[in-house]
Amino acid sequence: MEDHEILDLFFKRSEYAIDETKLKYGKRLQKTAMNILHNAEDAEECVSDTLFQAWEAIPPATPASLGAYLAKITRNLSLNRWESSMAKKRGGGEVPLLLSELEDCIPGTAGPEEDFEATLVTEAINKYLETLEKATRKLFVLRYFHGESIRELSERFRISESRTKSILFRTRKKLGTYLEKEGVHL
């Protein structure tokens with residue numbers, strides 16, 4: 001089913017909207033949540049919460065890209081759940097590594113002014129991503145938005161892990177330079 005058909009179901013308040021959304025996007029959302037949480041139960045809960053939030057928000061929200069809209073909700077819910085679990089127990093994993101890789105080129109937020117700045121940063125990052133080759137953009141988004149591991153990316157793109165790391169490193173460096181040029185203070 002096409003996104004506009006699924007959105008029509010949401011607007012009609014048909015419960016089939018949830019079924020069709022899960023059928024079309026469930027596996028991708030589950031993978032995104034699993035990449036962050038590494039726990040099937042927690043990941044499934046995040047996907048369920050995503051579907052609930054979508055049900056509550058649509059309408060009036062009309063996302064331009066249903067898949068991206070759902071992925072963002074899943075990612076945010078998963079990161080919140082991860083932060084909560086890390087507050088209870090400290091440990092390693094992929095998420096701290098992802099965040100540490102990006103901390104040099106993306107400022108943090110702490111209040112309304114910082115939230116406004118974060119919106120500007122997001123817009124600048126989106127502009128920067130548009131300048132990248134399609135494969136590099138996809139690699140970057142899969143790593144830093146969907147949380148895929150270096151190994152998974154290497155297998156998916158059929159390149160070595162060291163090449164994957166190198167591409168991501170260069171892309172992050174160029175992002176930092178781009179953000180500075182755009183007036184984003186790091």
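The following exchange concerns the helices of a predicted model and how they pack.

Biologist: How many helices and strands does the secondary structure of the protein chain come to?

Modeller: This is a predicted model in which local features need pLDDT of at least 70 and side-chain atom pairs count only at pLDDT 80 or more, while totals for chains, interfaces and linings use all residues. Residues are numbered from 1 along each chain as its sequence is written, and side-chain values use heavy atoms, with hydrogens and water left out. Helices (H or I, at least four residues) and strands (E, at least two) are DSSP runs, numbered from the N terminus. Along the sequence the pattern reads α-α-α-α-α-α-α-α-α, and the totals are 9 helices and 0 strands.

Biologist: At which residue does helix H2 bend?

Modeller: Helix H2 covers residues 16–37 and bends by about 65°. The bend at a residue is the angle between axes fitted to the seven residues ending there and the seven starting there. After H2 comes His38, with a positive phi near 55°. The residue at the bend of H2 is Tyr25.

Biologist: Is Leu175 buried or exposed?

Modeller: Leu175 belongs to helix H9, and its C-alpha atom is separated by 7.4 Å from that of Ile125, 50 residues apart along the chain. Buried means under 20% relative accessible area, exposed over 50%, and partly exposed in between (1.4 Å probe, protein chains only). Because its relative accessibility is 0%, Leu175 counts as buried.

Biologist: How are H8 and H9 oriented to each other, roughly parallel or roughly perpendicular?

Modeller: Helix H8 (residues 150–157) packs against helix H9 (residues 161–181) at an angle of about 105°, and their axes are 9 Å apart. Axes are lines fitted to C-alpha atoms, for helices over the stretch in contact, and angles run from 0 to 180 degrees between N-to-C directions. Angles under 35 degrees count as roughly parallel, over 145 as roughly antiparallel, 65 to 115 as roughly perpendicular and the rest as oblique. H8 and H9 are therefore roughly perpendicular.

Biologist: Which residues in H9 does H8 meet?

Modeller: Contact means heavy atoms within 4.5 Å. From H8, the participants are Ile150, Arg151, Leu153 and Ser154, and the buried residues of H8 are Ile150, Glu152, Leu153 and Ser154. Their partners in H9 are Glu161, Thr164, Lys165 and Leu168.

Biologist: What percentage of the residues of the protein chain count as buried?

Modeller: The protein chain exposes about 11300 Å² (Shrake-Rupley method, 1.4 Å probe), and carbon and sulfur atoms supply 52% of that area. Of its 186 residues, the share that counts as buried is 40%.
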